[in-house]
Amino acid sequence: MTLRAALFLTLALMGATGQAGAQGAAAPRLRPSQLALVVNDAEPNSVAIAAYYRKARGIPAANVIHVHIPGKPQRLDAAAFSALKERIDSQLPPGIEAVLMVWTAPYAVECNAITAAYSMGFDAGQCSNTCAASRPSAYFNATSVQPLADFRMRLSMLLPTDSVAQAKALIDRGVASGFRVPNATAYYLVTSQAARNSRAELFPRDGQIAAKKIRTKTLHSDALDGVSDIMVYQTGMAKVDKLDSVKFLPGALADHLTSFGGDLYGTSQMSSLRWLEAGATASYGSVSEPCNHWQKFPHPSVLLKHYLSGSTAIEAYWRSVAWPTQGVFIGEPLAAPYGR
């Protein structure tokens, strides 16, 4: 898609978002009965967190899938991943549209994110040139609530497990997001790191969507400081400062356009885990060098449109990424602050 076409799409989407907000209608969304939990029996934290999540969200016992991955490897090779996927899929009951992998690692399959490899299939060709264009996702900006039937793909996400206490707090935020619609702001930052501003022209126009009690605001700044009403925070920084000074609302989405945010245990840039630790409910990041193609990161207006229309976090995030091969989705998938 050309930049001109992308800008046209942005304006059209914001018009659709405003219309949805005026009508106040929520779209159908993923249900707990359609979500499978994949538990790593080799990791006690995974077992404990999955049990807490199943109770919190009312996930059927039949939807709990057991695998054994010792050692918490960060990356799997294609053969190991193929065996893992086969073990998962062989245990899935009918009606499963999405999978939540309850672990932090593994989070990559060679140069692919594990969520993309699971949902779309492993793409070995991407690894010969990670900066090249990726396979397009059929789910980009889709409205389908049956991705398996319509696109032959199950959505997937990771629920990090390094801290049981933090994971439980994350789950609680996701659950709490369904009880009320707060006054909120979606923040979009144009930063001093110019190469990471490739989404800036896709940011929604500043304004207010009254029926959803949310405003959209673009700032020329490297970080938010002292705000307490964040529902969306999208920026382009290798490291986002002042996260300890801000407050995320239950269900908040946050991500940064940078090369290795999805390298969850990496140290060269800020891990996407930091967003969840700061109070966000879901995030996204690249596990290998993607270059700054906006298509490889969440499209701001597409993400906002679907979240405000009532989609869950996993649906809105997956619908917002045109080329998700290298990007890992993390967080609490069923959060839906605008689902009522």
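**A colleague's note on this structure**

1. Let me begin with one pair of residues: Q208 has R215 in β10 as its bridge partner. Please keep in mind while reading that this is a predicted model. The pair belongs to the place where strand β9 (residues 207–209) meets β10, and the two are joined by 3 bridges and run antiparallel. Together β9 and β10 make a hairpin, with 4 residues between them. If you look at the turn, K213 has a positive phi of about 55°.

2. β10 also has a parallel partner. Strand β8 (residues 184–190) pairs with strand β10 (residues 214–220) in the parallel sense, over 7 bridges. To find your way along this pairing, look for Y187, which stands opposite K217 in β10. As general background, strands of a sheet pair through backbone hydrogen bonds, either parallel or antiparallel. β10 shows both senses here, parallel with β8 and antiparallel with β9.

3. Another sheet is worth a visit. It is open, is formed by 3 strands in the order β3-β5-β6, and has mixed pairing. Which strands lie at its edges? They are β3 (75–76) and β6 (112–113), each of which pairs on one side only. β3 pairs with strand β5 (residues 108–109) in the parallel sense, over 2 bridges. Within this pairing, L76 is found opposite V109 of β5.

4. Now to the helices. Two packed helices are described by the angle between their axes and the distance between the axes. For helix α2 (residues 44–57) and helix α6 (residues 164–176), the axes come within 10 Å and cross at roughly 20°. Angles under 35 degrees count as roughly parallel, so α2 is roughly parallel to α6. The crossing in which α2 passes α6 is right-handed.

5. Which residues make the contact between α2 and α6? On the α2 side they are N45, I49, Y52, Y53, A56 and R57, and on the α6 side V164, A167, K168, I171, D172, G174 and V175. Sorted by class, this contact of α2 with α6 has 8 nonpolar, 2 polar and 3 charged residues. The spacing of such residues has a general background: an α-helix has 3.6 residues a turn, so residues three or four places apart point the same way.

6. A second helix pair gives another angle to look at. Helix α8 (residues 300–308) packs against helix α9 (residues 313–320) at an angle of about 150°, and their axes are 8 Å apart. Since angles over 145 degrees count as roughly antiparallel, α8 is roughly antiparallel to α9. Here too the crossing is right-handed, with α8 passing α9. From α8, the residues V302, L303, H306 and Y307 meet A313, A316, Y317, R319 and S320 in α9. The residues of this contact of α8 with α9 divide into 6 nonpolar, 2 polar and 1 charged.

7. How many residues of α9 are buried? The count is 8 of the 8, so α9 is largely enclosed by the rest of the structure. The buried residues are A313, I314, E315, A316, Y317, W318, R319 and S320.

8. Just along from there, T325 has its place in the loop between α9 and β14 (327–331). Is T325 buried or exposed? With 0% relative accessibility, T325 counts as buried. Leaving out residues up to four places away in sequence, T325 touches N112, A113, A116, D123, Q126, S134 and R135. One of these, N112, lies in the edge strand β6 (112–113) of the open sheet in point 3.

9. Finally, two residues share a loop. L30 sits between α1 (3–23) and β1 (35–40), and R29 also has its place in the loop between α1 and β1. L30 is buried, at a relative accessible area of 7%, whereas R29 is partly exposed, at 33%. Neighbours within four places in sequence aside, L30 is in contact with E97, A98, T312, I314, E315 and L334. R29, with residues up to four places away not counted, touches Q34, V145, G310, S311, T312, E315, A336 and G339. T312 and E315 therefore appear among the contacts of L30 and of R29.

10. Two distances help to place that loop. R29 and A336 are 307 residues apart along the chain, and their C-alpha atoms are separated by 8.8 Å. L30 and L257 are 227 residues apart along the chain, with a C-alpha separation of 27 Å.

Notes: Residues are numbered from 1 along each chain as its sequence is written. This is a predicted model: local features need pLDDT of at least 70, side-chain atom pairs count only at pLDDT 80 or more; totals for chains, interfaces and linings use all residues. Side-chain values use heavy atoms; hydrogens and water are left out. Axes are lines fitted to C-alpha atoms, for helices over the stretch in contact, and angles run from 0 to 180 degrees between N-to-C directions. Angles under 35 degrees count as roughly parallel, over 145 as roughly antiparallel, 65 to 115 as roughly perpendicular and the rest as oblique. A crossing is left-handed if the near helix is turned anticlockwise from the far one by less than a right angle, and right-handed if clockwise. Contact means heavy atoms within 4.5 Å. Ala, Val, Leu, Ile, Met, Phe, Trp, Tyr, Cys and Pro count as nonpolar, Asp, Glu, Lys and Arg as charged, and the others, Gly among them, as polar. Two strands pair if DSSP finds at least two bridges between them. Buried means under 20% relative accessible area, exposed over 50%, partly exposed in between (1.4 Å probe, protein chains only).
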